[in-house]
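Q: I would like to learn how to read a structure feature by feature. Where do we start?

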Amino acid sequence: MAVEASSPAPSQSRGSPRDSGFSSTSRSADSRSPDPPVITNTSAALNSASTFPSDFRLPSSVATAALCSSLSNLRQSLPERPQIYDFSEIRAATNNFLSKRYSSASSSQSWRCLLRGKEVIIFQRLIRRSMEKSGLTAKLSVICRSHNRSIIKLLGATISGNQIYLVYEFVSGSNLALCLRNPRNPSYTVLSTWLSRMKIATDLAQGLDYTHNMTGQGSSLVHKHVKSSGIILTEDLSSLNARICHFGAAELCGETEITEEPPATGSRSENRNRQFEGVHGYMSPEFQVTGLATKKSDVYAFGVVLLELFSGEEPVKFKYDKASGEYLKISVVETAKDAIGGEEAEKGLRRWVDGRLKDSFPVTVAEKVIRLALDCVHVEADERPDMRRVSGKLSHLFLESEYWSTRVQVPTQISVSLAPR
């Protein structure tokens, strides 16, 4: 890039069409010299005699200026700046908000449409009352500069009155909750192998680790809405990948969800007044009390998703007991503790893990994963690990799962015949 910026004299040899675009640095088609060595020092790379002809030298000041100019052009070409859409564009794309709403999204106020030639998802949310315009612009700029393969990218936004419209890139796939529990076919799941679920867990941990640390940007965010229905599974090169939705939405607007725990009497009309800025079943104990979310609150929610992923069960469900006439609360956290807390942990673990895996998983690795998830849902926030540590452990356990998978794989090149010869 630096050499092209300084415009050296092109080579006189005639190379292939692919080489012609890089004639200042490439060798001729007839050259038999080995590839130039990789030089990490910038000035040495620009002045290296092994890369350029012996009579071509660049002063260090010129080389540095050329490199800075090229990096500046590259930085400006990246989609780091948020797109501020005009409200008329949003109205035209959604047919004045009369288009069919996106049914697969977690909220009804969302539309899938074309905007500026891109297929996007538009979410309508209430803007925070306490959010100032300067703070909103700064947060929007940081969020739109993020680039991570496990996060669905926010492209831009617009504001109209007390509503904010967030424009995300459209990602084709299905949410994790539906993949685990399809009401039309409860006995089937696309996550039918242990390795596929470990891959999903690793992707989610890396995405949430990036959210908390925002590597290279000197800032961090709290997601606040980590849940299985807000995770999209996509298929890429015959493998499932996980991507986190609503990245940055909690920082830009105030979303609330109503908890609906049935009381002991069986009536559902008493507990509808308490509202939290979170999701029932995934909220940490301190989040439920104070209503203030922290990174450790996200760790708790991730631990619940992890237990949900490997058990296939909902985070919280209620079962009506005819004998007592009350609803019994069944939590995936408590069932996981009971599974590995007894004397026969292996048997309890095999009963607890999703039966659709057909008992084909590494028990030792599974126990480590479940214990890690239980660490994430610890009652005390200070006792929970941070996402960087969780992501590192899951990556290591994923490699162990891959090694196990290659050892138990059935050979496909051997055929056995019992017929008479």
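A: Start with the cavities, and keep in mind that this model is predicted. One way to read a cavity is by the kinds of residue around it. Here the lining of the largest cavity divides into 7 nonpolar, 4 polar and 2 charged residues.

Q: How many cavities of 30 Å³ or more are there, and how much space lies in the largest cavity?
A: The count comes to 3 cavities of 30 Å³ or more. The largest cavity holds about 80 Å³ of space. It is lined by 13 residues, and those closest to its centre are K224, Y282, F287, S297 and A301.

Q: Which element gives the largest share of that lining?
A: Helix α11, residues 295-311, does, with 3 residues.

Q: Now the chain overall. What does its secondary structure come to?
A: It comes to 15 helices and 12 strands. Burial is a second thing to read, with buried meaning under 20% relative accessible area. Of the 421 residues, 40% count as buried. Then look at sequence separation. Among contacts between residues at least 6 apart in sequence, 63% join residues at least 24 apart.

Q: How do I read a sheet? In which order do the strands of the open sheet with β6 come?
A: Read the strand order, then the pairing sense. This open sheet has 3 strands in the order β6-β7-β8, and the pairing is antiparallel. Its edge strands are β6 (174-175) and β8 (239-244), each of which pairs on one side only.

Q: How many bridges join β7 to β8?
A: There are 6 bridges between β7 (residues 231-236) and β8, and the two strands run antiparallel. To fix the register, take a bridge pair: I232 has R243 in β8 as its partner.

Q: Which helix lies across β7 and β8?
A: Helix α8, residues 194-213, does. It runs at about 30 degrees to β8.

Q: Let us turn to β4. Why is strand β4 described as largely enclosed by the rest of the structure?
A: Count its buried residues. In β4 (residues 154-160), 5 of the 7 residues are buried, so the strand is largely enclosed by the rest of the structure.

Q: In which sense do β1 and β4 pair, parallel or antiparallel?
A: Parallel: β1 (residues 83-84) and β4 pair over 2 bridges. There I84 stands opposite A157 in β4. With β5 (residues 163-169), β4 pairs in the antiparallel sense, over 6 bridges. A157 appears here too, with L166 in β5 as its bridge partner.

Q: What should I look at in a hairpin?
A: Look at the turn and its backbone angles. The hairpin of β4 and β5 has 2 residues between the strands, and G161 takes a positive phi near 65 degrees. Now take β2 (residues 110-115) and β3 (residues 118-126), which pair antiparallel over 6 bridges. In that pairing, S110 has F123 in β3 as its bridge partner. The hairpin of β2 and β3 has 2 residues between the strands, and R116 takes a positive phi near 55 degrees.

Q: One loop residue to finish. Where is R145 found?
A: R145 sits in the loop between α6 (133-144) and β4.

Q: Why does R145 count as partly exposed?
A: Its relative accessibility is 31%, so R145 counts as partly exposed. Check its distant sequence partners as well. R145 and M214 are 69 residues apart along the chain, and their C-alpha atoms are separated by 9.8 Å.

How values were computed. Residues are numbered from 1 along each chain as its sequence is written. This is a predicted model: local features need pLDDT of at least 70, side-chain atom pairs count only at pLDDT 80 or more; totals for chains, interfaces and linings use all residues. Side-chain values use heavy atoms; hydrogens and water are left out. On a 1 Å grid over the protein atoms alone, a cavity is a set of points where a 1.4 Å probe fits but cannot get out, and a pocket is an open set with protein on both sides within 12 Å along at least five of seven lines; lining residues have an atom within 4 Å of a point. Grid points are joined across faces, edges and corners, and a volume is the space filled by probe spheres set on the points. Helices (H or I, at least four residues) and strands (E, at least two) are DSSP runs, numbered from the N terminus. Ala, Val, Leu, Ile, Met, Phe, Trp, Tyr, Cys and Pro count as nonpolar, Asp, Glu, Lys and Arg as charged, and the others, Gly among them, as polar. Two strands pair if DSSP finds at least two bridges between them. Contact means heavy atoms within 4.5 Å. Axes are lines fitted to C-alpha atoms, for helices over the stretch in contact, and angles run from 0 to 180 degrees between N-to-C directions. Buried means under 20% relative accessible area, exposed over 50%, partly exposed in between (1.4 Å probe, protein chains only).
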